[in-house]
Amino acid sequence: MRSYNEEMKYLEKMTPYCWKINKGFVDNMKVDGYFYVNERLEKLMFDELKQSCNSKGFGGFLPGMKQIANVAALPGIVSKSIGLPDVHSGYGFAIGNLAAFDMSDPKAVVSPGGVGFDINCGVRLLRTNLCEQDVLPVKEQLAQCLFDHIPVGVGSKGIIPMHAQNLEEALEMGMDWSLREGYAWAEDKEHCEEYGRMLQADPSRVSSRAKKRGLPQLGTLGAGNHYAEIQVVDEIFDEYAAKKMGIEFPGQVCVMIHCGSRGLGHQVATDALVAMEKAMKRDKIDVNDRQLACAHINSTEGQDYLKSMASAANYAWVNRSSMTFLARQAFAKMFKSTPDDLDMHVIYDVSHNIAKVEEHFVDGRQKTLLVHRKGSTRAFPPHHPLIPVDYQLTGQPVLIGGTMGTCSYVLTGTEHGMTETFGTTCHGAGRALSRAKSRRNLDYTTVLASLEEKGISIRVASPKLVMEEAPESYKNVTDVVDTCHAAGISKKCVKLRPVAVIKG
């Protein structure tokens with residue numbers, strides 16, 4: 001085991017916001033690693049590395065820097081392994097880690113650890129024509145109404161009617177299923193990454209166990225860091241881009257929904273990891289960390305995973321669409337109006353746990369890449385063909401969810417981000433304390449009192465979640481967003497603050 005000073009010899013500060021992890025930091029690195037931080041986030045990263053050097057029993061996962069470097073050792077990786085400012089330790093890949101693999105390289109791999117267990121966990125933002133003054137007098141009732149409409153918590157069951165055939169169709173069709181069944185508006189699809197449907201989805205590749213777990217959970221928020229929030233526009237940084245999104249004035253009310261593919265996605269990832277461990281032995285694939293189980297992209301196991309992952313991604317879009325339907329119903333009921341009259345349109349829906357085939361330039365040559373984004377968000381620039389017509393002049397909206405009781409942000413994609421990070425930016429605040437540490441260090445009543453002091457109503461299914469998801473458990477989301485903005489990989493557009501939080 002190397003000392004901290006020996007580890008530091010492999011690290012090099014490239015700009016005020018970017019560090020390079022040189023080859024040799026871990027064995028077999030094929031490319032360098034990079035990570036983006038400001039001064040405060042930098043301290044967290046280096047403290048974590050120091051702790052792992054000084055401690056014989058550094059629990060849980062490897063430190064984020066080591067994980068970024070281990071990903072740089074995977075077969076077929078191109079350019080660099082990248083850690084965004086919200087990066088923190090995860091399973092295999094760090095959360096907030098991004099890597100792209102050359103589809104034309106027969107040795108290139110796909111790794112479920114580079115997507116995560118909550119496939120297509122993502123964020124959706126709806127606008128309204130209400131202002132803060134409309135909501136404040138009925139804030140508690142509105143929070144309760146939303147809590148009553150959207151099933152939340154571990155083991156919650158959806159109220160969207162579902163049977164086996166319906167589920168097969170939803171896995172294949174994504175938001176087209178929601179549209180057909182009357183749970184989505186046609187415009188919703190336009191404002192969704194991939195238009196809410198990954199075409200390579202093949203439900204026959206999803207195990208019966210995964211389907212069994214997913215069947216009762218459609219239209220549910222689940223637990224963990226997932227939430228539905230009623231937010232108000234706090235600050236507008238880019239008026240032109242905000243207007244294109246229908247955000248007109250400070251105090252305008254929005255609704256943010258953060259969730260994923262629930263038990264179905266988790267099971268898809270678990271099934272794939274088991275299959276890939278066998279494939280690695282057969283194909284003699286060596287990795288630095290067994291959590292980086294992977295398979296060649298064009299192998300049977302690689303293709304099975306990509307098809308089942310796409311099905312789980314479609315499930316997640318149907319899930320967010322179903323909750324959008326329920327949120328619209330709750331607002332319509334409270335304000336004795338219709339969702340249409342309340343202008344409850346989807347601004348955008350982004351994924352932050354997904355692998356996708358994309359075209360990018362590497363060393364001046366166009367390549368077809370499989371881009372793994374885990375805890376990181378696609379942020380394509382203006383004029384990119386894959387973003388909606390409305391956003392062609394502004395760049396893709398990027399939704400960055402804050403922590404319970406802190407602000408969230410809307411960013412836009414940049415050309416610089418396209419060249420530096422494969423058109424990718426951060427996804428949220430990123431954990432600073434483990435869930436267990438949060439429960440030990442924080443007090444339930446103190447956290448609730450702090451939220452009340454800020455004027456935030458909260459409805460939560462599980463008290464322990466209050467400590468696990470407290471702002472103190474996370475990095476400062478403003479630090480994360482400011483770092484992305486300063487590094488030029490995305491651009492600040494709108495700041496949102498919560499007035500009511502619904503959690504599992």
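**Notebook: burial, overall form and helix α5**

I began with burial and found that, of the 504 residues of the protein, 63% count as buried, where buried means under 20% relative accessible area. I keep in mind that this is a predicted model.

Next I looked up the secondary structure, and I noted 17 helices and 19 strands in the protein.

For the overall dimensions, I recorded that the C-alpha trace spans about 65 × 50 × 45 Å along its principal axes. I then checked the radius of gyration: a compact globule with 504 residues would have a value near 23 Å, and the protein has 21 Å, which agrees.

I also looked at how the chain meets itself, and saw that 75% of the contacts with a separation of 6 or more are between residues 24 or more positions apart.

Turning to the surface, I noted that the protein exposes about 18900 Å², of which carbon and sulfur atoms supply 51%. For the charges, I compared the mean position of the 58 positive ones with that of the 59 negative ones, and the two lie 6 Å apart.

Finally I picked one helix, α5, which covers residues 139-149. Which of its residues are buried? I listed K139, L142, A143, C145, L146 and H149. Because these residues cover an arc of only 160° around the axis, they lie on the same side of α5. I then followed what this buried set packs against, and wrote down two helices, α4 (132-135) and α12 (300-334), together with the strands β8 (227-236), β18 (457-460) and β19 (490-503).

Notes
Residues numbered from 1 in each chain as written. Predicted model: local features only at pLDDT ≥ 70, side-chain atom pairs only at ≥ 80, totals over all residues. Heavy atoms only, no water. Buried < 20%, exposed > 50% of the residue type's maximum accessible area, 1.4 Å probe, protein only. Helix = DSSP H or I, 4+ residues; strand = E, 2+ residues; numbered from the N terminus. Arc of directions from axis to C-beta. Contact = heavy atoms within 4.5 Å. Rg over C-alpha atoms; globule rule 2.2 N^0.38 Å. Areas by Shrake-Rupley, 256 points an atom, 1.4 Å probe, with all protein chains shown as cover. Lys, Arg positive; Asp, Glu negative; His and termini not counted. Charge placed at Lys NZ, Arg CZ, Asp CG, Glu CD.
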